Structure formats: structure tokens, C-alpha cells
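User: I am new to reading protein models and would like to work through this one step by step. Could you show it to me before we begin?

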Amino acid sequence: QFHTIKYEDLKWDESLGQGSFTRIFKGEKTDYRDGEKHTTEVLLKELDPDHKNCWESFFEAASFMSQISHKHLLHVYGVSVHGDKNIMVQEFVKHGALDLYLKREKSLSVSWKLNVAKQLACVLNFLEEQSIIHGNICAKNLLLVREEDPSQGISPFIKLSDPGINVAMLGKDVIMHRIPWIAPESLAAPDNLTHECDKWSFGATVWEIFNNGNPPLQGWSLEEVKLKFYENKQQLPPSQWTELADLIGQCMSYDLAFRPSCRSIIRQLNSLVTSGNNVIFRLAQDDH
Ligand SMILES: N#Cc1ccc(Nc2nc(N)cc(-n3ccc(CO)n3)n2)cc1
């Protein structure tokens with residue numbers, strides 16, 4: 001169900017860091033098409049050898065990404081296995097993961113943030129229409145293809161990365177680290193994810209985007225304290241912008257039935273764009 005790439009057709013360049021069970025490197029893949037040699041810049045995502053028992057889930061994530069295509073879904077060229085090395089070969093995304101970008105760029109505009117949130121809502125809507133559940137929506141799994149350039153009227157462009165190892169495969173402690181992105185009902189049943197779980201995670205991710213990449217519950221390092229967050233049905237600190245806080249609150253409602261449809265999420269984001277402009281316009285008016 002996905003393309004296998006020969007190990008000798010891959011070249012490793014610099015290391016770009018590591019995820020929870022993977023290491024990522026910049027690299028190149030070589031194809032020979034119509035008698036010509038083509039070299040493509042790629043991202044090589046290597047599964048840690050000591051987690052090779054998760055290789056099926058690792059490749060399931062790869063096949064998940066290659067069975068459907070969408071402009072806001074990361075393209076996966078294929079996989080390569082060599083000895084105890086399991087490698088996913090992805091398109092190289094120029095500006096990397098959004099969580100780091102949000103921490104680095106401190107003066108992103110409200111319209112930048114809304115634009116990115118809308119792109120995520122669009123790909124979420126697409127996945128729901130395809131009855132596909134991602135299961136790991138968070139800023140770390142959003143990749144920035146293009147920065148904005150206001151002088152050229154160029155807006156940011158993001159892609160959703162693969163979900164990584166299936167949360168059901170992971171130990172209890174790893175699942176704890178996904179609080180508050182993981183929907184509360186999924187803690188009890190991580191192998192029974194629903195589209196509503198992705199909406200909960202969407203809410204936590206929009207919260208991240210509007211909080212300059214400060215992880216939610218920062219400093220709440222003790223797992224039992226994080227569990228209290230769910231037991232007490234707590235919400236993340238609400239934004240001053242009530243309409244935004246309402247949308248995040250709807251997505252992160254403990255009752256599945258109260259989580260909005262993707263259509264409603266997109267509609268509410270669109271109205272935030274207009275109300276956002278009006279707020280700015282009103283504030284500007286007050287100044288004069
Ligand atoms: N400095 C720097 C820098 C780092 C990475 C990229 N590019 C890239 N391309 C991808 N396809 C995937 C990723 N990821 C990064 C974290 C994850 C977690 O899954 N993925 N990064 C570009 C610049």
C-alpha cells in the first residue's frame with residue numbers, strides 16, 4: 001500500500017532533531033526515471049531501533065499518509081527498511097514544525113494565526129469526509145511550508161504531518177504526555193479513536209497557535225496533576241477574545257455531542273476573521 005525505496009537510493013545529511021520514537025534527518029533520494037537520474041530533497045524519519053516493535057504502526061502512519069492526498073497533507077514518498085532501520089521518506093518541508101516556529105516568532109499577527117487555524121480546519125474536514133481519523137493533531141505535527149510575506153501579500157501555508165506511532169501502541173506514560181491534546185474519552189480507550197477526538201485536539205492546537213507556542217498546562221509536569229485536569233473537567237485558560245474562547249471551548253467539550261462539526265468550525269473561524277477585523281477597526285476608531 002506504499003512505495004518501498006531502496007536504502008542505497010537514500011543519502012543522509014544533517015540531523016534535524018528527534019520526535020518521541022523517531023529521529024529526523026535532512027536527506028536526498030535518487031530516482032532513475034526515463035533513463036535520467038533525479039535527486040529530490042527529502043526528510044528521513046527513522047524509527048528508533050529500540051522501538052522497532054512499533055514498526056507496523058510506524059508504517060501504518062506512512063500508508064495512512066500515502067493512501068490519500070490533499071494540499072494540506074504532508075506527502076510521503078514511501079518507506080525503506082535496511083537491517084533494523086525503518087525509515088519513512090517524506091517531502092522536505094522548508095520551515096519545519098509549527099510548535100518550534102510559534103516559540104521563535106513572537107510577533108505573528110491574529111490574521112496569520114486565523115489563517116493557519118483555517119487551513120487545519122480544512123484538512124480536518126477533508127479527513128472527516130474520507131472517514132479517516134488522524135489521532136495526533138498538535139502544533140508539533142503541523143509543518144510550515146511557506147512563511148507569510150505581507151509585502152508580497154503571501155500568506156503562510158501549512159501541512160499536517162503523519163500521526164506517528166498509534167497512541168494505542170504507546171505506554172500509559174506516553175499517553176499522559178499527550179494531555180491535553182488527547183481527548184479525555186481516549187485516555188480510557190486509546191484504541192477507539194473517533195472524529196470527535198480530532199476535534200478536541202484541534203481545539204488544543206488552536207489554543208497553542210494563539211498562545212505563541214506555549215504548551216498548554218506548561219509546568220503541570222506531574223502526570224497525576226494533568227489527570228486532574230480531566231477529572232475536574234477543566235478547560236484551558238480562555239482567550240480574552242470571547243468568540244475564540246467559545247470555539248476552543250466547544251471543540252474541547254467533555255461531551256462529544258457538543259463538539260462542533262467541521263463545517264461549523266470553518267464557519268466560526270470565518271466569522272472570527274470578520275469580527276477580528278471589526279475589533280481592530282473599532283480599536284483604531286477609539287484611538288482617534
Ligand atoms: N531547523 C530546521 C528544520 C527542521 C525540519 C524541517 N523540515 C521538516 N520536514 C518534514 N517533512 C517533517 C519535519 N518534522 C519536524 C518535526 C516533525 C515531527 O513529526 N516533522 N520537518 C525543516 C527545517
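Analyst: Before we start, one term is needed: two residues are in contact when heavy atoms of theirs lie within 4.5 Å. Please also keep in mind that this is a predicted model.

User: How many helices and strands are there in the chain?

Analyst: The chain is built from both kinds of element, and these are counted separately. The count gives nine helices and seven strands.

User: Why can the chain be called as compact as a globular protein of its length?

Analyst: For 288 residues the globule rule gives 19 Å, and the chain is close to that value, so it is as compact as a globular protein of that length. Its C-alpha atoms fill a box of roughly 65 × 50 × 35 Å along the principal axes. The radius of gyration on which the comparison rests is 20 Å.

User: Among contacts between residues at least 6 apart in sequence, what share joins residues at least 24 apart?

Analyst: One example of such a separation is the pair Phe 229 and Pro 180, which are 49 residues apart in sequence, while their C-alpha atoms are 8.2 Å apart in space. Over the whole chain, among contacts between residues at least 6 apart, the share joining residues at least 24 apart is 63%.

User: Is Phe 229 buried or exposed, and which residues beyond its sequence neighbours does it touch?

Analyst: Phe 229 belongs to helix H7, which covers residues 223-231. Because buried means under 20% relative accessible area, Phe 229, with a value of 1%, counts as buried. Leaving aside neighbours within four places in sequence, its contacts are Pro 180, Leu 217, Trp 220, Gln 234, Gln 235, Leu 236 and Tyr 254.

User: Pro 180 appears in that list; what kind of peptide bond joins Ile 179 and Pro 180?

Analyst: Pro 180 sits in the loop that runs between helix H4 (172-177) and helix H5 (184-188). The omega angle of the bond between Ile 179 and Pro 180 is about 10°, and the bond is cis.

User: How many bridges join strand E2 to strand E3, and which residue of their hairpin takes a positive phi?

Analyst: Strand E2 (residues 22-33) and strand E3 (residues 36-47) run antiparallel and are joined by twelve bridges. Arg 33 stands opposite Glu 36 in E3. The hairpin has two residues between its strands, and the one with a positive phi, near 35°, is Asp 34.

User: Which residue in E5 is the bridge partner of Leu 47, and is that residue buried or exposed?

Analyst: E3 is also joined to strand E5 (residues 85-91), by six bridges, and these two strands run antiparallel. The bridge partner of Leu 47 in E5 is Asn 86, whose contacts beyond four places in sequence include Trp 55, Phe 58 and Phe 59. Its relative accessibility is 6%, and because buried means under 20%, Asn 86 is buried.

User: Asn 212 and Lys 233 have positive phi values without being glycines; which of them is exposed?

Analyst: Asn 212, with phi of about 50°, lies in the loop between helix H6 (195-210) and H7, and at 23% relative accessible area it is partly exposed. Lys 233, with phi near 50°, lies in the loop between H7 and helix H8 (242-251). Exposed means over 50%, and the residue that meets this cut-off, at 56%, is Lys 233.

Notes. Residues are numbered from 1 along each chain as its sequence is written. This is a predicted model: local features need pLDDT of at least 70, side-chain atom pairs count only at pLDDT 80 or more; totals for chains, interfaces and linings use all residues. Side-chain values use heavy atoms; hydrogens and water are left out. Helices (H or I, at least four residues) and strands (E, at least two) are DSSP runs, numbered from the N terminus. The radius of gyration is taken over C-alpha atoms; the globule rule is 2.2 Å times the number of residues to the power 0.38. Buried means under 20% relative accessible area, exposed over 50%, partly exposed in between (1.4 Å probe, protein chains only). Two strands pair if DSSP finds at least two bridges between them.
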